[in-house]
Structure formats: C-alpha cells, structure tokens
Amino acid sequence: LESRFTCPPILSSVSSPFYEGELLSYEDQFLLSARSGKNDLFKCEYQGFGGGDSERRIQKLQFPVGPNGAYSSVYELSYQHPLPGKKEGVTSVRHCDGVITVYHISSEFLIQSIQDFNPGGVLNKEKLFSWDQNRWLSSVTIRDGQQQILSQRSFEYDRFGNPIVERLT
C-alpha cells in the first residue's frame with residue numbers, strides 16, 4: 001500500500017475551548033512561534049547555537065508595541081550554555097530600553113545569580129542564590145549596585161525537602 005502522506009503530521013497551531021481566544025502557533029521543530037491570548041500577544045524568533053541549527057533557542061521576543069500594533073523586539077537573548085559538571089553558563093537579556101539582565105547558571109544547572117544593569121552597564125541590583133548539598137535553596141540575597149545587602153531570605157527543610165522555616169533578614 002502506498003501512503004497518502006509523505007511525512008508525519010506536524011503540529012502547527014492549537015486552539016482550545018478551555019482557553020477561548022487563545023491560539024498557539026508552532027514552527028517546524030515544535031518551537032512556539034507565536035501566542036495570541038486574552039491579555040497577551042507575542043512572537044518568538046529563534047537562532048541555532050552550537051554546531052548548527054538543530055538546537056535552537058529564543059533570540060528575540062516580539063510584542064505588538066510598534067506603530068499600528070506592529071511587532072517589535074522587546075527582549076533579545078544570548079546564551080553561553082553550561083556544561084554538566086564542567087562549565088558555568090550565562091544567559092543575557094537585553095531589554096528594549098537598554099537595561100540588561102544577566103542570569104548566571106552553575107555547571108549543576110542551578111541559578112547562581114541574576115544581575116540587572118542599567119543602559120550604561122552599571123550594576124543596579126543583584127539577586128544571589130545559595131544551595132545546600134541536597135540542591136535545596138538555602139538562601140536568596142538581594143544586593144544593590146554597591147554590594148550592600150537589601151534583604152536575605154534563608155530556608156530550612158525537613159528530611160523530605162519540605163520548607164519548614166523561612167527567615168527574612
């Protein structure tokens with residue numbers, strides 16, 4: 001028997017009666033290309049990384065904020081991927097107003113810090129994450145651009161990993 005289809009069916013969009021008015025559109029590699037919903041609309045642009053185009057990450061997030069609702073890039077992302085157990089990674093997000101947010105990720109794929117820089121490249125705020133030997137979050141510290149601690153939350157857990165104490169300093 002000869003098949004009527006030359007390739008397997010590919011998901012191109014989703015609509016659901018549970019989320020009326022929401023439409024999700026996908027690219028050929030099952031990557032979300034656009035979302036239109038009740039309160040938010042956006043489009044994604046992807047770029048290949050590493051050895052080719054087989055693995056892609058979002059490069060730009062676009063929103064309908066241009067003239068007459070035209071889509072414009074609001075966030076541009078770049079990546080230095082971590083290597084498991086070997087190398088830390090960094091994800092940088094440039095906002096349309098020039099602000100840059102940098103996410104530092106450990107080689108164990110745990111967030112280490114989030115830094116916010118003003119358009120001139122000066123550090124405004126930093127959020128530091130500490131993890132215990134079980135990879136449970138032990139504290140979150142927020143510092144200003146001069147490294148002064150603004151607040152710190154620390155956590156204790158029971159033997160099952162349930163948080164039982166939270167301290168705010």
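Over the face of which residue does Lys 43 lie? In this predicted model, the residue is Tyr 71, and Lys 43 lies over its face at 4.3 Å from the ring centre.

From this charge over a ring, the path leads on to rings that meet other rings. A pair of aromatic rings is described by the distance of the centres and the angle of the planes, and the structure holds three such aromatic pairs. One of them is formed by Phe 63 and Tyr 75, whose ring centres are 6.2 Å apart and whose planes stand at 80°, so this pair is edge-to-face, as planes over 60 degrees apart are counted. The two partners come from distant parts of the chain, with Phe 63 in strand E5 (residues 56-63) and Tyr 75 in strand E6 (residues 72-80), 12 residues apart. Phe 63 counts as partly exposed, at 23% relative accessibility, and Tyr 75 is likewise partly exposed, with a relative accessible area of 28%. Together with Phe 42, the residues Phe 63 and Tyr 75 form one aromatic cluster.

Another pair brings together Trp 136 and Tyr 157, where the ring centres are 5.3 Å apart and the planes are at 50°, so the pair is tilted. Here too distant parts of the chain are linked, since Trp 136 belongs to the loop between strand E10 (123-131) and strand E11 (137-144), while Tyr 157 belongs to strand E12 (residues 149-157), and the two are 21 residues apart. As for their surroundings, Trp 136 counts as partly exposed because its relative accessibility is 25%, and Tyr 157 counts as partly exposed at 22%.

How values were computed. Residues numbered from 1 in each chain as written. Predicted model: local features only at pLDDT ≥ 70, side-chain atom pairs only at ≥ 80, totals over all residues. Heavy atoms only, no water. Phe/Tyr/Trp six-rings, centres within 6.5 Å; stacked < 30°, edge-to-face > 60°. Helix = DSSP H or I, 4+ residues; strand = E, 2+ residues; numbered from the N terminus. Buried < 20%, exposed > 50% of the residue type's maximum accessible area, 1.4 Å probe, protein only. Lys NZ or Arg CZ within 6 Å of the ring centre and 35° of its normal.
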